[in-house]
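Subject: Handing over the structure

Dear colleague,

I am passing on the structure that we talked about, and below it you will find my notes on what came out of it. Please read them slowly with the structure open beside you.

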Amino acid sequence: MLRRKVRIALKRLACVALVCKFLLSSGIFDEVLSYLNNIHSAQDFILDSPTEGRDGIAHGASRKRLLESLNPETCADVPKRLVGKVSHAKDPPDMRITELVNNEVTDGSYEPGDCKSRCRVAIIVPIRGREKNLRHMLAHMHPIWQRQELSYTVFTITQAGTRTFNKAKLMNAGFKEARSYGRYDCFVFHDVDALLEDDRCLYWCDQQNPRHLCAYADVFNYREVWYFSACRRPGELFSQIKLFGGVTMFTEEQFRRVNGFSNYYWGWGGEDDDMYNRLRNKGYEPVNPYSRHCSYTLLQHPHEKTNAPTRAKESLVYHSKSRQDKDGLSNVRYKVLSFKSNPLYINITVDVGKPSQRMQDFIDRSRNLWFFNQCIVRMPWNL
Ligand code: BGC
């Protein structure tokens, strides 16, 4: 009985040995082993993937970002790398140096490496010329936006040609272009000469109301700025306007609800006063949740001769309510002439046209009027 069992066991062993010999000699074993060796974990795959980034600088960082994007946690509600007060250099560095310092910014965009940003922000800078201010602003602001753990893109919207500047139209165009480029929660309209003085003023939008970030500026002795409107609104003894320029911030819904900026402000000033009225007309009140942390230095710059303020702006501001729903984002016309990605910003050059003949006549007529007579000028219903 025992012998029989031993015999059967030996036979089975011989069979197994035969099968193994066959597998080894046929190379099937090698195939299976090499297949098993080539199965990577998800992490191995990413570590072996080709690196992205400019000039190989962002090599490690982008790999880390890819890894962490597999399991991102939302960034802290107080970003951990904030430093508080920040000073600025007297002169801007060369753009290449700023690119090297901010090597994780590519195509004007940045994503925090170790957490999921709380806020996707499009930063829209209306511009023409002002190359030195732009270098200064980018060198100063990029490190701040990164410390604030924003996911952001910087767009400069350049007005082509030498005709009268129209900042409001550029901002409307910037909103539309940014909107079609990516998904953003917040839209910041940023003057190219504005440098934030304290990184605790976070570039996060307020869901209830548009924000005025540049509430305290050196040129206004760090005081909130109110001024009287040249034209008194009916029923008011004095009509006050609160400064709403420099750096402002909207959610998409807020910006659409006010119908963006008016397209009729050719030359310096007024478009922000008009926006202040637009906000009030739609029941918004500009807010500044970070109070005095939102202080700015406004850089000096030469003023373009063709960009002088016109008196027409006073009556345009006065009549802003009647135009609001027809004049703005809903009817802005412009032509994109070029779209260029740079490491630290995307530049979109646009043709915004020129004032219509009616508008030009209106601007010319306003020039000869006494200041307060602006208010009784009847606005042409369609400029
Ligand atoms: C202009 C605004 C400007 C403000 C402060 C007003 O007269 O209309 O556009 O922001 O002055 O400089």
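Buried residues make up 38% of the 383 residues in the chain, where a residue is buried if 20 or more other C-beta atoms lie within 10 Å of its own, exposed if 12 or fewer, and partly exposed in between, with C-beta atoms placed from the backbone. Please keep in mind that this is a predicted model, in which local features need pLDDT of at least 70 and side-chain atom pairs count only at pLDDT 80 or more, while totals for chains, interfaces and linings use all residues. Residues are numbered from 1 along each chain as its sequence is written.

The secondary structure comes to 12 helices and 13 strands; helices (H or I, at least four residues) and strands (E, at least two) are DSSP runs, numbered from the N terminus. Among contacts between residues at least 6 apart in sequence, 83% join residues at least 24 apart, a contact being two residues whose C-beta atoms, placed from the backbone, lie within 7 Å.

The largest nonpolar core has 75 residues, and such a core is a set of buried Ala, Val, Leu, Ile, Met, Phe, Trp, Tyr and Cys residues joined through C-beta atoms within 7 Å. Helix α6 (residues 131-147) gives the most to this core, with 7 residues. Among the residues with the most contacts inside the core are Ile124, Phe155, Phe187 and Val188; leaving out residues up to four places away in sequence, isoleucine 124 touches Phe155, Phe187 and Val188, among others.

Val188 also leads to the strands, since its bridge partner in β10 is methionine 249. Strand β4 (residues 186-190) and β10 pair in the antiparallel sense over 5 bridges, and two strands count as paired if DSSP finds at least two bridges between them. Strand β6 (residues 211-212) also runs antiparallel to β10 and is joined to it by 2 bridges, with histidine 212 opposite threonine 248. Because 4 of the 5 residues of β10 (residues 247-251) are buried, this strand is largely enclosed by the rest of the structure.

Strand β12 (residues 335-341) is hardly covered, as the count of buried residues among its 7 residues is 0. A hairpin through 4 residues joins β12 to β13; the two run antiparallel with 6 bridges between β12 and β13 (residues 346-351), and serine 341 has isoleucine 346 as its bridge partner.

There is also an open sheet of 3 strands in the order β5-β11-β7, with mixed pairing. Its edge strands, β5 (194-196) and β7 (216-217), each pair on one side only. Strand β11 (residues 295-298) pairs with β7 in the parallel sense over 2 bridges, and one bridge partnership there is that of alanine 217 with tyrosine 296.

Helix α9 (residues 271-281) is mostly covered, with 9 of its 11 residues buried, including Asp272 and Asp273. What covers these buried residues includes α7 (167-181), β9 (240-242), α10 (312-318) and α11 (320-323). Just after α9, glycine 283 takes a positive phi of about 85°.

Asp272 and Asp273 also appear around the ligand, together with Leu243, Gly245, Gly269, Gly270 and Lys313; a residue is near a molecule if its C-beta atom, placed from the backbone, lies within 6 Å of it. This shell divides into 1 nonpolar, 3 polar and 3 charged residues, where Ala, Val, Leu, Ile, Met, Phe, Trp, Tyr, Cys and Pro count as nonpolar, Asp, Glu, Lys and Arg as charged, and the others, Gly among them, as polar.

With best wishes
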